[in-house]
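I opened a notebook page for this structure today. My plan is to look things up piece by piece and write down what I find.

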Amino acid sequence: MTTAIRKTLVIFGVAAAIGVPLVQTTQGLGLSAAEFSRAGDATLRAAPYAFSIWGLIYLGLAAYAVYQARARPAPVLDAFGWPSVVATFACASWIVASAMDLKAATIAIILVGAAAAILPLWRRAQAVSTTQTLLVVAPNALLAGWLTIASALNMVNVLTAWTVITPQTALAAALAAIGIVALVAITVALRARSWIYPLPIIWGLAAVYAAHRLDKPLVAQTAVAAALVLVVVALVAAAKGRRGRKA
């Protein structure tokens, strides 16, 4: 019974994560995500193209939802099941909170979603087949990675809008945010032996470079440096993962 409930909630969570932003955008309900971010994006932002990664994440999550609903019980499904429910409902809830301009709520929601998505990776949940890797681990790792960098961008955005971060402290705050994201990404990727997790973070850091290469060259250069470090980390994590499977 518990497994059936979990499978159902995964489907609803993924449907909400995909459907809520679609409804919000098409119906023009409240602030769009871009409008919400614009109030505090002077400190740190990503180029708009970065958010196209949601298309890949949504596609992966949809495949995951269908697969887990039809698959036989497996440890990897148990590991990712409930955390994915929390993470996907958090994605939908963030859209609602941002549309209503509930800044504090957006921080709490995205941090909870990121933590939930990271949890199975931190616990080294392992797939035992290529199918499980592609349809369970990969979609959830991509979501976890994107929520990691999105959490930092969202928090800096809100603190800037609240004027907690001022023009005088903006450079230090931006550099600190990039450093924290990189540190979290390195720690999680190496512990989880996941090369997939850092990929969305690398993508996001590249978009930070694109957004700031003219107005904040030091921020842009730091983002590139962090991205290059994470490329190396991804390669190391992949090697560790291969050795772990052979052991």
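**Entry 1: D101 and its partner**

I began with D101, in a model that is predicted. Is D101 buried, partly exposed or exposed? I looked up its relative accessible area and found 34%. D101 is therefore partly exposed, since that value falls between the 20% and 50% cut-offs.

Next I asked where D101 sits. I found D101 in the loop between α4 (75-99) and α5 (103-122). I then checked its backbone. D101 has a positive phi of about 60°, although D101 is not a glycine.

Which side chain does D101 meet in a salt bridge? The partner is K103, at 2.7 Å from N to O. I looked up K103 as well. K103 has a relative accessible area of 13%, so K103 is buried. I noted the general idea beside this pair: side chains of opposite charge can pair when their charged atoms come close.

**Entry 2: The other salt bridges**

How many salt bridges does a search of the whole structure find? The search finds 3. I had one on the page already, so I went after the others.

R6 forms a salt bridge with D78. The closest N and O atoms of this pair are 2.9 Å apart. R6 lies in helix α1 and D78 in helix α4, so the pair ties together parts that are 72 residues apart in sequence. I compared their exposure. R6 is buried, at 7% relative accessibility. D78 is partly exposed, at 43%.

Then I turned to D215 and R45. Their side chains meet in a salt bridge, 3.4 Å from N to O. This pair links distant parts of the chain, 170 residues apart. D215 is in the loop between α8 and α9. R45 is in the loop between α2 (33-38) and α3 (53-70). I wrote down both exposures. D215 has 43% relative accessibility and counts as partly exposed. R45 has 27% and also counts as partly exposed.

**Entry 3: Another positive phi**

I looked up T163 next. T163 has a positive phi of about 60°, and T163 is not a glycine. I found T163 in the loop between α6 (130-161) and α7 (170-192). Is T163 buried or exposed? T163 counts as exposed, because its relative accessibility is 55% and the cut-off for exposed is over 50%.

**Entry 4: Patches on the surface**

I moved on to surface patches. Which residues form a positive patch? I listed R124, R191, R193, R242 and R243. I picked R242 for a further look. R242 is found in helix α9 (residues 217-246). R242 has a relative accessible area of 45%, so R242 is partly exposed.

I also found a nonpolar patch on the surface, formed by M1, I5 and W82. Together these residues have about 360 Å² of accessible area. I chose I5 to follow up. I5 is found in helix α1 (residues 2-27). At 41% relative accessibility, I5 counts as partly exposed.

**Entry 5: Helix α8**

I checked the span of helix α8 (residues 198-212). What span should its 15 residues have at 1.5 Å a residue? The expected span is 21 Å. I looked up the end C-alpha atoms and found them 21 Å apart, which agrees.

I then asked which residues of α8 are buried. I noted P198, P200, I201, I202, G204, L205, A207, V208, A211 and H212.

**Entry 6: Two buried residues**

I149 is in helix α6. I looked up its relative accessible area, which is 2%, so I149 is buried. How far is I149 from L111? In sequence, I149 and L111 are 38 residues apart. In space, I149 and L111 are 10 Å apart, C-alpha to C-alpha.

A117 is found in helix α5. A117 counts as buried, because its relative accessibility is 7% and the cut-off for buried is under 20%. I paired A117 with L77 for the distance check. A117 and L77 are 40 residues apart in sequence. Their C-alpha atoms are 13 Å apart in space.

Technical notes:
Residues numbered from 1 in each chain as written. Predicted model: local features only at pLDDT ≥ 70, side-chain atom pairs only at ≥ 80, totals over all residues. Heavy atoms only, no water. Patch = residues over 30% accessible without salt bridge, like charges linked within 9 Å, V, L, I, M, F, W, Y side chains within 5 Å. Areas by Shrake-Rupley, 256 points an atom, 1.4 Å probe, with all protein chains shown as cover. Salt bridge = Lys/Arg side-chain N within 4 Å of Asp/Glu carboxyl O. Lys, Arg positive; Asp, Glu negative; His and termini not counted. Charge placed at Lys NZ, Arg CZ, Asp CG, Glu CD. Helix = DSSP H or I, 4+ residues; strand = E, 2+ residues; numbered from the N terminus. Buried < 20%, exposed > 50% of the residue type's maximum accessible area, 1.4 Å probe, protein only. Expected span 1.5 Å × (residues − 1).
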